[in-house]
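Hi everyone, thanks for coming. I'd like to walk you through one protein model today, so have a look at the screen while I talk.

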Amino acid sequence: MLIMRSNIRFLSLLVFLFVTACGSPLKQLTYMHDAKTDVLYPRPDLPEPYKIRPNDQLYITVVSDDQVKTDFLNLSGTSGIGGGYGMDLMTYLVDENGNISYPQLGEVQVAGLTLLEVRDKLQKMVDNYVVNTSVVVKLANRTFTILGDFNGSGLITMPKNQYTIFEALGAAGGVSDFGNRQKVKLIRETPEGTRIVNIDLTSDDLLSSDYYYILPNDVIYVEPNNYRVYSVRTLPWLSQATFAASLLSTAFLILNLFK
């Protein structure tokens with residue numbers, strides 16, 4: 001019985017030490033671990049306005065005091081800004097040449113323009129047909145993608161133009177305990193090509209970084225930390241050792257009951 005107790009204690013200690021060694025220090029699990037309180041951090045410059053690119057989807061509608069006058073300029077025949085149903089009906093896909101096909105207005109080049117520039121361009125064209133109108137243009141695919149060790153992942157909608165990295169993390173439920181907060185990759189499509197940068201969520205340098213704000217179509221990927229790498233998924237024997245320790249502990253308790 002004494003030998004059994006010693007074996008159980010030794011095995012339990014071995015498992016505990018291994019799990020502890022594979023764990024991450026607190027500073028690696030804390031956002032902006034070195035951030036100072038009661039200190040005013042300068043706000044980073046706002047990102048450049050998003051420019052339309054092929055495969056974007058634009059929500060466009062023309063509104064006026066007299067809806068009948070603008071019905072022919074709207075896809076659904078219903079002006080005004082509605083909910084998701086109206087958004088689906090009034091979406092224009094930017095083709096590979098950077099154009100949208102707009103009823104009555106024909107092919108309109110929009111790639112490379114900001115939303116405001118597209119609105120102004122369409123407004124001038126609409127004024128040739130109807131006066132006293134307002135053209136509304138929004139990016140329907142204002143989304144970003146979350147991948148890796150998050151508590152939630154997938155395609156997430158950006159509810160506003162200026163969206164910070166921490167708002168993006170919050171929308172995904174935050175980084176999981178298995179995510180490496182010091183190795184977060186942000187993948188961004190630019191006119192020159194794809195750019196990949198590393199973001200350290202534990203450093204307060206992020207507050208003044210060019211990547212503090214995310215853009216539509218950004219992809220955020222969190223790498224696994226050391227605990228995930230050496231977890232039971234990659235070391236099956238640890239799971240077996242843990243099961244063996246539990247089994248021995250249970251057997252020991254049962255034997256004590258029948259003493």
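Let's go straight to helix H4. Which residues of H4 are buried? They are Leu115, Val118, Leu122, Gln123 and Val126. Those residues take up an arc of only 135° around the axis, which puts them on the same side of H4. If that pattern seems odd, remember that an α-helix has 3.6 residues a turn, so residues three or four places apart point the same way. Turn to the other side of H4 and you'll find Leu116 and Lys124, which are exposed.

So what covers the buried residues of H4? The cover includes strand S1, at 57–64, strand S4, at 106–109, and strand S5, at 133–139.

I should say that this is a predicted model, so here's a little check on the helix. H4 runs over residues 115–126, which is twelve residues, and at 1.5 Å a residue they should span 16 Å. The end C-alpha atoms of H4 are 16 Å apart, so that agrees.

Okay, let's zoom out for a moment. The chain has seven helices and twelve strands. Of its 259 residues, 35% are buried. And if you take the contacts between residues at least 6 apart in sequence, 64% of them join residues at least 24 apart.

Now for the loops. Asparagine 55 sits in the loop between helix H1, residues 2–22, and S1. Its phi is positive, about 80°, although asparagine 55 is not a glycine. Is asparagine 55 buried or exposed? Its relative accessibility is 56%, and the cut-off for exposed is over 50%, so asparagine 55 counts as exposed.

Asparagine 217 is another one to look at. You'll find asparagine 217 in the loop between strand S11, at 213–214, and strand S12, at 219–224. Here phi is near 75°, again a positive value in a residue other than glycine. Asparagine 217 is partly exposed, with a relative accessible area of 24%.

Then there's serine 203, in the loop between strand S10, residues 193–199, and S11. With a relative accessible area of 11%, serine 203 is buried. What does serine 203 touch, leaving aside its neighbours within four places in sequence? The answer is Met32 and Asp34.

Last topic: pockets. The largest pocket has a volume of about 610 Å³. Its lining is made of 21 residues, and those nearest the centre are Glu48, Pro49, Arg188, Thr190 and Leu215. Which strand gives the most to that lining? That's strand S9, residues 179–190, with three residues. By type, the lining of the largest pocket has nine nonpolar residues, three polar and nine charged.

The second largest pocket comes in at about 270 Å³. It's lined by 13 residues, and nearest its centre are Pro49, Tyr50, Arg142, Asn161 and Gln162. Here the lining divides into eight nonpolar, three polar and two charged residues. Did you spot Pro49? It is among the residues nearest the centre of the largest pocket, and it is also among those nearest the centre of the second largest one.

If you take one picture home, take H4, with its buried residues on the same side and Leu116 and Lys124 exposed on the other. Thanks for listening!

Terms used. Residues numbered from 1 in each chain as written. Predicted model: local features only at pLDDT ≥ 70, side-chain atom pairs only at ≥ 80, totals over all residues. Heavy atoms only, no water. Helix = DSSP H or I, 4+ residues; strand = E, 2+ residues; numbered from the N terminus. Expected span 1.5 Å × (residues − 1). Buried < 20%, exposed > 50% of the residue type's maximum accessible area, 1.4 Å probe, protein only. Arc of directions from axis to C-beta. Contact = heavy atoms within 4.5 Å. 1 Å grid on protein atoms, 1.4 Å probe; cavity = no way out; pocket = protein on both sides within 12 Å on 5 of 7 lines; lining within 4 Å. Points joined across faces, edges and corners; volume = space filled by probe spheres on them. Nonpolar A, V, L, I, M, F, W, Y, C, P; charged D, E, K, R; others polar.
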